[in-house]
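Visitor: Please choose a single part of this model and take me through it closely, then follow on to whatever lies beyond it.

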Amino acid sequence: MEQTLKALEFNRIRDVLVSLAVSEEGRVRLAALAPAKSAEWVRLELSRVEEVRGFLDRGGGLSSGGLKDPRPILEKVSVVGSVLSAEELLELLFHLRVQHTTRRVLDRERQNMPLIHKLARDLNPAPDLENRLEKVITPEAAIRDNATPELSRLRRLLAQQQNNIRIKLARILPRLAKQGILRDETFSLRDGRYVLPVRSDAMSRIKGIIHDRSSTGGTLFVEPTSLIDLGNEIRSLELAERDEVRRILAQLSDEIRVYHEQLRVNQDVMTDLDCLWAKGRLAEKLDCCVPEVIEGNSINILGARHPLLVLAGEREVVPLTLELGREATTLVISGPNAGGKSVALKCVGLICVMTACGLHVPALPGTAVPLFDDVQADIGDQQSISDDLSTFTAHVVKLKKILETADSRSLVLIDEIGVGTDPQEGSSLSVAVLEKLTRRGTLTIVTTHHGALKAFAHSTDGCVNGSMEFDLETFKPTYRFHANIPGSSYALHIARRAGLPNDLIARAREALGGERSRVEDLITSLSEKVRSYESLLVDEEQKTTTQKELEEAYLEKLKQLKTREKELKRRAREEAEKLLMEARRTVEAVVKEIREKDASHEVIKRSHQRIEALKHEIDGKLETSIVGDESLKPAPDGHVPKRRPPGDGGRRARPIRGKKPDVGDKVRMDDTEAVGEVTALSSRGDRVCVVVGAVQLWVPADRVTVVKPQATEAKPVRTGVVKRPDVPLELDIRGMRREEALRKVESYLYDGAAAGRESLGIIHGKGTGVLSHSVREQLARHPVVKSFRFGKYGEGDYGITVVKLKSAS
């Protein structure tokens, strides 16, 4: 297996993974990462990594970087009587703090990371031990003065005696320096004793003990007799302090020894978490998905990108989609040199190996692979001078090993099978090998240039051809894979492009043989047709998608208009009832006044004025209640017309009999009575593109009628009608700075509310989570926001926030 992993360059994936770990033990474990055999473990590990990715997307993180491996310290303290140093105690304190913080974070994220929380159930911090160490050890790895009362007393006495000796030194230094006995007016320490720099030729003039001398011998470092007693007292206190510190360290070591097993288990859990976090970070770097682990012996790889090419980031990686195992177990890939055959082979192998290692894969959701009992790869030149193996011999030795072990639970990948010897003999040998592997049901993928193998794959049950595309216009490979079609090597085309003489190319074709030449031309022609058909298919799918989106937009707009119409009618009805009530009260008041005042001319005049004022008030309120809906405006006689179809200019457009619709014609759609303009025709002329307002629709040509609108008088533009903003369904703020993004979101929310939208989408990406957090804080206090949530699976997960707006009513 290790040879296979090396051939697939999986070691480079592991190197990147190791660099993403923060603990030494995590790096060691990831450096030995290998495919697992248990599907249950792999599925669980993939789910755990998915929880980690969600945590990272929310801006979370665990920090244990810079910490040394604590295992040597734990092994040392496990021995009874061993004493840890202050530096070792400080290192353990750092680990205890990280474990404590990690426990709090995992408990807080329990609902979001249930599998990680369960994995870390044995992570039990020791807060009592942590507090004990913090009270004793300083950040500089020293014992605090107040660690014990005895240590505090000894250090206080020591400081007093050191101060006393410095006072005494300050008295005698000037006198001795004035007498010329000292080299300079300073003092220093030698082996813990206070000494003076005495000139060697003046030693007879001072009494004391010599502790050292300079390299030249010109200066002697002498402890004066008058300082010896004080020096002895200081030395005695220092020894007592040292013993007390050692006693404290021994006591702490004994306390830690009680926690030894718990700390070891904690460290194992922290290593597990470090490995999972490294896998999550790798999945982020590669923009991976969670592969499905399936039973059986088939693979379905969707949009896979070679992980090493993604990490290199030098160019856009062409995705690979490949299915094998359901109808055929053997795939023969052919195509030009440097066309991507070997890359495709390694990509398939890496996707399967990464899945078995519990890693997410750089592919699209829906990618599904089984766990193989054995993965064998023969990729690259295996020749060896020391073992006296040629390229072909090494190739045959590898084939022998494959045939000895491969079965229906194996994946076999062979690059350039049968190469390095006579083409006919190599092809014959390759056919025999593939026949045997196919009969066993071994999932096998090989690359080749041999035409005999292409023919074998075409005519043999359980085998299928595949090819890598080559662009004859640019004479460059496109790296796109085509299933069920053999590929050409394009050797003669490339030779002509490279400038070889035409007569030489013609002779080569003649030597190739007419039948072989026709086959290669047929393959080339077939590849070009497939490429052309695929381009047409993509265009048609885009048109279909666009049409579907427009139809959905039209139906949504129609729904909104109907809802708006009902609301306007309801409001108009309520307003009318209110106006009738007001009118009734006014008329009753006028009648009452006429009766009470005997209908004088002045009273009747005032009554007419009040009724006229009421009429103007009613007209104004009717105008206000229907503003924005021109089709519902009352006619001069008070009649409210039925809603007119949109786009008919206010009058019924007259049909033009017998005229086929053409670009620029005004047409009425028979189903909706809406009038619009034809902007495009289908290639067969059976469908037309009609634009009605801001909506564009493709409809059958026999369901529209060409019309000639009647001339209409220019009408003044109604004032007070506010045009609703055209608000997109989603706002993308990725790459923006925080302040700019929040301004965009603010405007977007108000525009969405003004447009009557029920929900909006804000794409902020996953990244560090800072932008996502800021946006969600803004949404939490915004007046038009009813609720919000992260996107569901398939909507964008944690990279998008879906906002539900409050109703305008």
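Guide: The second largest pocket encloses about 770 Å³ of space (an open set of 1 Å grid points, over protein atoms alone, with protein on both sides within 12 Å along at least five of seven lines; volume is the space filled by probe spheres on points joined across faces, edges and corners). This is a predicted model, in which local features need pLDDT of at least 70 and side-chain atom pairs pLDDT 80 or more, while totals for chains, interfaces and linings use all residues. Residues are numbered from 1 along each chain as its sequence is written, and side-chain values use heavy atoms, without hydrogens or water.

The pocket lining consists of 29 residues (an atom within 4 Å of a point), and R53, C288, C289, K766 and D797 are those nearest the centre of the pocket. By class, 11 lining residues are nonpolar, 8 polar and 10 charged (Asp, Glu, Lys and Arg are charged; Ala, Val, Leu, Ile, Met, Phe, Trp, Tyr, Cys and Pro nonpolar; the others, Gly among them, polar). The element that contributes most to this lining is helix α4, residues 39–57, which supplies 5 residues (helices are DSSP runs of H or I, at least four residues, numbered from the N terminus).

Helix α4 also packs on another helix, α11, which spans residues 260–286. The angle between α4 and α11 is about 70°, and their axes lie 8 Å apart (axes are fitted to C-alpha atoms over the stretch in contact; angles between N-to-C directions run from 0 to 180 degrees). The two helices, α4 and α11, are therefore roughly perpendicular (65 to 115 degrees; under 35 is roughly parallel, over 145 roughly antiparallel, the rest oblique). Their crossing is right-handed (the near helix is turned clockwise from the far one by less than a right angle; anticlockwise is left-handed). On the α4 side, the residues that meet α11 are W41, E45, R48, V49, V52, R53, F55, L56 and D57 (heavy atoms within 4.5 Å). On the α11 side, they are L276, W277, K279, G280, R281, A283 and E284. This contact of α4 with α11 holds 8 nonpolar, 1 polar and 7 charged residues. R53 thus appears both among the residues nearest the pocket centre and in the contact of α4 with α11.

Two other helix pairs can be set beside this one. Helix α6 (residues 86–108) packs on helix α8 (residues 127–136) at about 140°, with 10 Å between the axes, so α6 and α8 are oblique to each other. In this pair, L89, L93, L96, R97 and H100 of α6 meet P127, L129, E130, L133 and E134 of α8. The contact of α6 with α8 comprises 6 nonpolar, 1 polar and 3 charged residues.

Helices α14 (residues 391–405) and α15 (residues 423–440) pack at about 20°, their axes being 11 Å apart, and are therefore roughly parallel. The crossing of α14 past α15 is left-handed. Here F392, V396, L399, I402 and L403 of α14 meet L429, V433, K436, L437 and R440 of α15. The contact of α14 with α15 has 8 nonpolar residues, 2 charged and no polar.

A last site is Q547, placed in helix α19, residues 514–596. Between Q547 and W698 there are 6.7 Å in space, C-alpha to C-alpha, and 151 residues in sequence. Apart from neighbours within four places in sequence, Q547 is in contact with R687 and W698.

Conventions
1 Å grid on protein atoms, 1.4 Å probe; cavity = no way out; pocket = protein on both sides within 12 Å on 5 of 7 lines; lining within 4 Å.
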